[in-house]
Structure formats: C-alpha cells, structure tokens
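Thanks for coming. I will go through one model this morning, chain by chain, and finish with the place where the chains meet.

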Amino acid sequence: MAMLEVRDLEVYYGMIQAIKGVSFEVNEGEVISLIGANGAGKTTILHTITGLLAPKKGSILFEGKDITKVPAHRIVGLGMAHVPEGRRVFAQMSVYQNLKLGAYTRTDKDEIEDTLSRVYKRFPRLEERRNQMAGTLSGGEQQMLAMGRALMSHPRIILMDEPSMGLSPILVNEIFEIIRSVSAGGTTVLLVEQNAKKALSIADRAYVLETGRIVTSGDAKELLNDDSIKKAYLGE
Amino acid sequence: MSFLSYLINGLSLGSVYAIIALGYTMVYGIAKMLNFAHGDVIMVGGYAALTMMLATGTNPLIAVVVAIVVCTVLGVVIERIAYRPLREAASPLAVLITAIGVSYFLQNIVLLIFGSSPKNFQSVVLLPDLKLAGGALIITGEAIVTIISCIVIMIVLTAFINKTKAGQAMLAVSEDKGAARLMGINVDRTIALTFAIGSGLAALAGVLLCSAYPSLSPYTGSMPGIKAFVAAVFGGIGSIPGAMVGGILLGIIEILGKAYISSQLADAIVFAVLIVVLLVKPTGLFGKKIQEKV
C-alpha cells in the first residue's frame, strides 16, 4: 500500500480548472518529485493535499486514511508536514519561536527539545541566529528555517514546494544535500521543483506535470536521460 | 498642584482608552478587520454590571466578573454569527459594514430593554480617595484602580502572547493564516479567542469608565469606542504596546486640552493630534512598516 495516494484529483479556482484528474502515489521511504513548468499545477496539488484548497473531485489517502476533507490544521498532526512555496516563515517572530510553532501540535515536551537539538545540529546557522527575527534572515537561511520548522513536527512525510527558488547555485546544492539527508533519515519526501535536473538527480521516481495533467512518469534516472524530457525541462 | 491632578485624571481616562484600544488592535492584528461594534460592547458591559448591582444587590466585584463573562460570550457570538461567514468575502468592506450594523443592533437592543434615559451608574470601586499634600491633591479610588488595572493587563497580556502556545498561535495567525494552518493552528478558534479577550477587556473598561463618569446610556460606548480606535491608530494599529501608549497619551491630551485650552475643543484637539501623527509617521508611533519579501 502506498503511503500517500492521490486519485483522480480535480481542483478549480472559481471557474478555471487548475488540476484535471491527477493520480499518483508515494511509497514509504521514497523521494518523489513533481516537475513541470510554472503554472502546471504543482503548488495547487500540494495545497490540496494539505487541505489549504478543497478539490472538486478525487480523493487523497494518507496511510490508508481518507484525508480529502480533513481541515488543514489537522494534517500536520497526522504526520505530514508542508514546506510552502516562498518559505512563509513568520517574519516578525524569532527563529526559535518559528521552530517551536513547528511543534505546535506536539505535547511531548522532552521529545520536542530533543527534536529541536537535532534541527539545530542539522542547521547550525539557525542555532546561531535563534533569537533573530526570521524576517532578517537571508533567503537561504529562511529556507532552512522553513525546513527546520517542518521537521519540528516530526513528520513521516514532508512536502516541499520549490525549496531552491531564488537561491544561489551553491545554496541550491546545499538545500538538495539537506533533502537527501532528510530522506536518508527515514522521512518520505514529496518534492515539487522547477529545477527539474536537480530534482530528478535526487528523486527515486518523478511525475511530469503539464497544465494540470500528468504527462509522463517513471524512474527519475530514466527521465533524466529521456530525450523529450531533456529538451522540454532540462534545457539540453 | 492642579496640573498634577489633571495629569492623573488624564492618565486614568487614558488607561480606559488603552484597555479598549487593546481589543481594537488585537482584533485588527489577527482578523484584519476593524470591529466598530467594539465600543458598544463596553456599553453592554456597563449595563450588565449595573443590572447585577441593582437587581440582586450583589457585591460590585461579582458584578464586574459577570459583566466580563457576558461580554466575552457576546464577543465570541458576534464573531461567529456576523463576522466569520464574511471572512472569505470578496471585499473587506462587507465585514466593516456588518460591524457598523452590529454596533447599531447592540445600541437598539439595549434601548429596547432599558430605555433611552441615562442611568445613574454606581461605582464599583470601594477604595477611598487618596488625599495628598494636605488635601490639595486628591486622587480618586477610581483613578487608582483604573491605572493599576491597565498596568496589570499590559503585563499579563504581554506574558500571555510571548510565553503561551495560544499567544504564539495568535502572532502566527496575524502574520500568515495559511502558514499558521500548516503548523496545526486552528485559525477560527484563534480568532474567536482574540474576540473573547478583547470583549472581556471592553467589559472591564466599560465598568471602570462608568465608575469614573457615572452616567450610562445606550450610546455611552460610541465616543470612547471611537477615541480608542484613534488611540490604536495613533499607537500603530496591530501593535499592543502602541495601543497602550496611544490610549494613555490620548487621555492626557484630552484632559489637558479641556483644562488649559477649551473644553469644547478637547475632542477636536485629540483628532488634530492624530492627523499630525499620521502625517509625520503614517504607521503610527509603534507601527511596523509592512515589508513584502519576494
């Protein structure tokens, strides 16, 4: 059984259909990438999975449980964290306060401290700046904070939306290295990226999205060598 | 000596404005709406306390507690029935106009039940007046209680927001509702809690105001409500310290203006000060510049 299963999803913005019947699945331990151009519907799919948007049709199953109608604020407690596009850290709160909010639904105080020290270990810069307002961090640091905040909920699956957006090439490499290590730590990853080359290089499988539909899917290494994918998404 | 006494009166009136302004500013900060019915909740609090004292002859302290409970419930009910359905409305004007409607609704309900003639309010403060400098400077018990209440509320509220989970959730919701949801925060419940706190504080402000100026009518809340709104804007709407400082400054300006310039012009002076502040610093004294990060 797949850990996360999306079936025949259809999402509308008013009269406009953004997602036109999308199905895919994510198995435990995998890194799955959704790639596609701007406006293909990648972010819409993630927002629908975590309940920020409601689908018109279709269903979403997480660990066998139908979460299609579960409100957004209940999702994280089920073990699914979402690192939103544009990071969306709480700019006027400190790094520490942001991280504590990541553990908002948890009640196990000692274990939260334990998770916090592990997040600080993974992102030493966040520890150095723990009392700084999140809005004063650089783009890369904000991305790390958004990821650290998601990890604070101790998720079994983490949804990441364009983590490399707006970052310098060195930072992009650093962020992808972190995603790899999050995955190695046992967390399943669903990664949405415009940077298809990078995304495919760390993913196990990938789905290619075009204007609200999945047009291709398969093993990430094979897609990386696929001529039509190369032409359309890898700029080769 | 008279200047000192004016100053203390101003501080006391300003403390009432500050307590009311806190409700305005918190609701604005978190729900991004101006609750123009907030002033009328003050008046309902006054009537609730007075009714308790007259009808049952209860201890004034119990009357205050009842007023706070009544207004807390009222605030939550107003939010649930009148404002929540409009939260996703296309125009922010919809909820603003609804708030004005709620304001008239509360005034007219009270008018229907209690009539239009002003009621003589009985002070809830049992503390005797403090006579200093051989009787030249008198500080009323009401002034002492009002100023102390304001200080205590400020300290407790700041601690609540910075130290508790619910307070942190409020800050998160005020910044980004969507991201707050992803953290597992129930945004509807957080907004309801904000209304509860703001309305409870309004009840307390109403009782303190009526104790110092003992006349209560269905329109008692409108002017202090508007003044507190001015105080909140003055201090920087959305900012809690701003509401406190704005409220206290406004009270002092009003009383000193009444004493030394003209009692008819006092309100005009208050609004003139607001205009000057907004010209010099459009975000108010403590207002933060809104930064858009791309």
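Of the 236 residues of chain A, 47% count as buried. Before going further, a reminder that this is a predicted model.

Staying with chain A, the secondary structure consists of ten helices and ten strands. Its radius of gyration is 17 Å, close to the 18 Å given by the globule rule for 236 residues, so chain A is as compact as a globular protein of that length. The C-alpha trace spans about 45 × 40 × 35 Å along the principal axes. If we take contacts in chain A between residues at least 6 apart in sequence, 66% of them join residues at least 24 apart.

Now the sheets of chain A. One is an open sheet of six strands, in the order S6-S7-S8-S3-S9-S10, and its pairing is mixed. Its edge strands are S6, residues 80–83, and S10, residues 213–219, each of which pairs on one side only. On average, neighbouring strands here are turned by 15 degrees against each other, direction ignored.

I would like to spend a moment on S8 of chain A, residues 188–193. How many of the residues of S8(A) are buried? Six of the six, so this strand is largely enclosed by the rest of the structure. Thr188(A), Leu190(A) and Val192(A) point one way from the strand, while Val189(A), Leu191(A) and Glu193(A) point the other way. Note that Glu193(A) is among the buried residues.

Which strands does S8(A) pair with? On one side there is S3(A), residues 31–36, paired with S8(A) in the parallel sense over five bridges. Within that pairing, Leu34(A) has Val192(A) as its bridge partner, and Ile32(A) has Leu190(A). S7(A) also pairs with S8(A) in the parallel sense, again over five bridges. There, Ile157(A) stands opposite Thr188(A). Thr188(A), Leu190(A) and Val192(A), the residues just named as partners in S8(A), point one way from the strand.

A helix packs on this sheet as well. H6(A), residues 139–151, touches S6(A) and S7(A), the latter being residues 157–161. The direction of H6(A) makes about 170 degrees with that of S6(A).

Next, an open sheet of four strands in chain A, in the order S2-S1-S4-S5, with antiparallel pairing. Why is one side of S2(A) and of S5(A) left without a neighbour in the sheet? S2(A), residues 16–26, and S5(A), residues 65–66, stand at the edges and each has a single partner strand, so one side of each stays unpaired in the sheet. S1(A), residues 4–13, pairs with S2(A) in the antiparallel sense over eight bridges. In that pairing, Val6(A) has Phe24(A) of S2(A) as its bridge partner. H1(A), residues 42–49, lies across S1(A), S2(A) and S4(A), the last of these being residues 57–62. Relative to S1(A), H1(A) runs at about 110 degrees.

That brings us to chain B, which has eleven helices and four strands. Its radius of gyration is 19 Å, close to the 19 Å that the globule rule gives for 294 residues, so chain B is as compact as a globular protein of that length. The C-alpha trace of chain B spans about 65 × 45 × 35 Å along its principal axes. Of its 294 residues, 49% count as buried. Among contacts in chain B between residues at least 6 apart in sequence, 74% join residues at least 24 apart.

The helix to look at in chain B is H3(B), residues 60–83. With 24 residues, H3(B) reaches 33 Å from its first C-alpha to its last, close to the 34 Å expected at 1.5 Å a residue. Its buried residues include Ala63(B), Ala67(B), Cys71(B), Leu74(B), Ile78(B) and Glu79(B). What do the buried residues of H3(B) pack against? They pack against three helices of chain B: H2(B), residues 38–56, H4(B), residues 93–114, and H8(B), residues 187–212.

Last, the contact between the chains. It takes 20 residues from chain A and 18 residues from chain B. On the chain A side, H2(A), residues 72–75, and H3(A), residues 95–102, each supply at least two residues. The largest share of that side, four residues, comes from H3(A). By type, the chain A residues that touch chain B divide into nine nonpolar, nine polar and two charged.

That is all I have for today.

Definitions and conventions: Residues numbered from 1 in each chain as written. Chains lettered and ligands numbered in written order. Predicted model: local features only at pLDDT ≥ 70, side-chain atom pairs only at ≥ 80, totals over all residues. Contact = placed C-beta atoms within 7 Å. Nonpolar A, V, L, I, M, F, W, Y, C, P; charged D, E, K, R; others polar. Pairing = 2+ DSSP bridges. Axes fitted to C-alpha atoms, helices over the stretch in contact; angles between N-to-C directions. Rg over C-alpha atoms; globule rule 2.2 N^0.38 Å. Buried ≥ 20, exposed ≤ 12 C-beta atoms within 10 Å, placed from the backbone. Expected span 1.5 Å × (residues − 1).
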